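Hi,

Here is the structure I promised to pass along. Have a look at it first, and my notes follow underneath.

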Amino acid sequence: MQPPRVLSIAGSDSGGGAGIQADIKTITVLGGYAMTAICALTAQDTTGVHAVLPIDPAMVAAQIDACVNDIGVDAVKIGMLGSPEIAAVVADRLEKLVVPIVFDPVMISTSGAALADTATIAAFERLMAIATLTTPNVPELQALGGDPAMRARSVAYIAKGGDADGPDVIDRLIMPGEPDRAWTAPRIVTRHTHGTGCTMSSAIATFLASGASIVEAVEDAREFVRAAMLAAPGFGAGHGPLGHHAVR
Ligand code: PXL
């Protein structure tokens, strides 16, 4: 059987912990076929983001077109976009594609660096409107207007609780017309959380590409992220990467 084809439209993390690199590892370990449209390069390690270079929007569009037109795509994950112009060409392309889309509204890195400016965040509206699922963390949900604004958009989203306080992590899934769901698990206390959001969204995209429902995909992706956190190799002086390679 052929593997599900997953396209990650995101930024590159030279340190290998987040972004495109986390996505390729996640999709591959979960049995998918990973393709990429790189929106930005970051010079980055576990301690921080040292430089960012957004890619020409036409080049981002060309990468998407190349993947879609030849190999084909069963699901898309969107991560760091890099500029409002890139967000616009990504929306132009994806509005024509009928496959599951997981949108991670990346704004800030684990180390605290800004990865989206105000204009880029404003451009998220079109992407949320076409996404099968949007995956904000605590500060991202707040920047998007919180639960009232997300519910008013009538979109499915998972409010990730990893950045909240407390001994348990609670992830809430809200889908229009369905009862809210929540998953609770004891917090894994570790500084090695770099790339958890990227890993979560690309895992969900891979499960959706394999035909899972949103609920099944979220459930399985949570388990994968937790297992990868527990398998973190302990690299670097800051927020280290996950151990994708050691899971499954
Ligand atoms: O997790 C957010 C994120 C997304 N994309 C890139 C990143 C990060 C966090 O560091 O570096 C490229």
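**Cysteines and the ligand site**

The structure holds zero disulfides. Please keep in mind that this is a predicted model.

Why is there no bond at C39? The closest cysteine sulfur to that of C39 belongs to C67 and is 12 Å away, which is too far for a bond, since a disulfide needs the two sulfur atoms within 2.5 Å. C39 is also buried, with a relative accessible area of 0%. For C198, the closest cysteine sulfur is the one in C39, and at 12 Å that is again too far for a bond. C198 is buried as well, its relative accessible area being 13%.

C198 brings us to the ligand, because it is one of the residues that surround it. The others in that shell are G11, S12, A18, G19, Q44, M80, V106, S109, L115 and H194. By class, the shell comprises five nonpolar and six polar residues, with no charged ones.

Q44 deserves a look when you open the site: a polar atom of its side chain lies 2.6 Å from an oxygen atom of the ligand. The ligand exposes 310 Å² when taken alone, and the protein buries 95% of that. As for where the ligand sits, the space it takes is the largest pocket.

Happy to talk it over whenever suits you.

Best wishes

Conventions: Residues numbered from 1 in each chain as written. Predicted model: local features only at pLDDT ≥ 70, side-chain atom pairs only at ≥ 80, totals over all residues. Heavy atoms only, no water. Near = heavy atom within 4 Å. Polar contact = N/O pair within 3.5 Å; in protein donor to acceptor, adjacent residues only side chain to side chain. Areas by Shrake-Rupley, 256 points an atom, 1.4 Å probe, with all protein chains shown as cover. 1 Å grid on protein atoms, 1.4 Å probe; cavity = no way out; pocket = protein on both sides within 12 Å on 5 of 7 lines; lining within 4 Å. Sits in = over half its atoms within 2 Å of the grid points. Nonpolar A, V, L, I, M, F, W, Y, C, P; charged D, E, K, R; others polar. Buried < 20%, exposed > 50% of the residue type's maximum accessible area, 1.4 Å probe, protein only.
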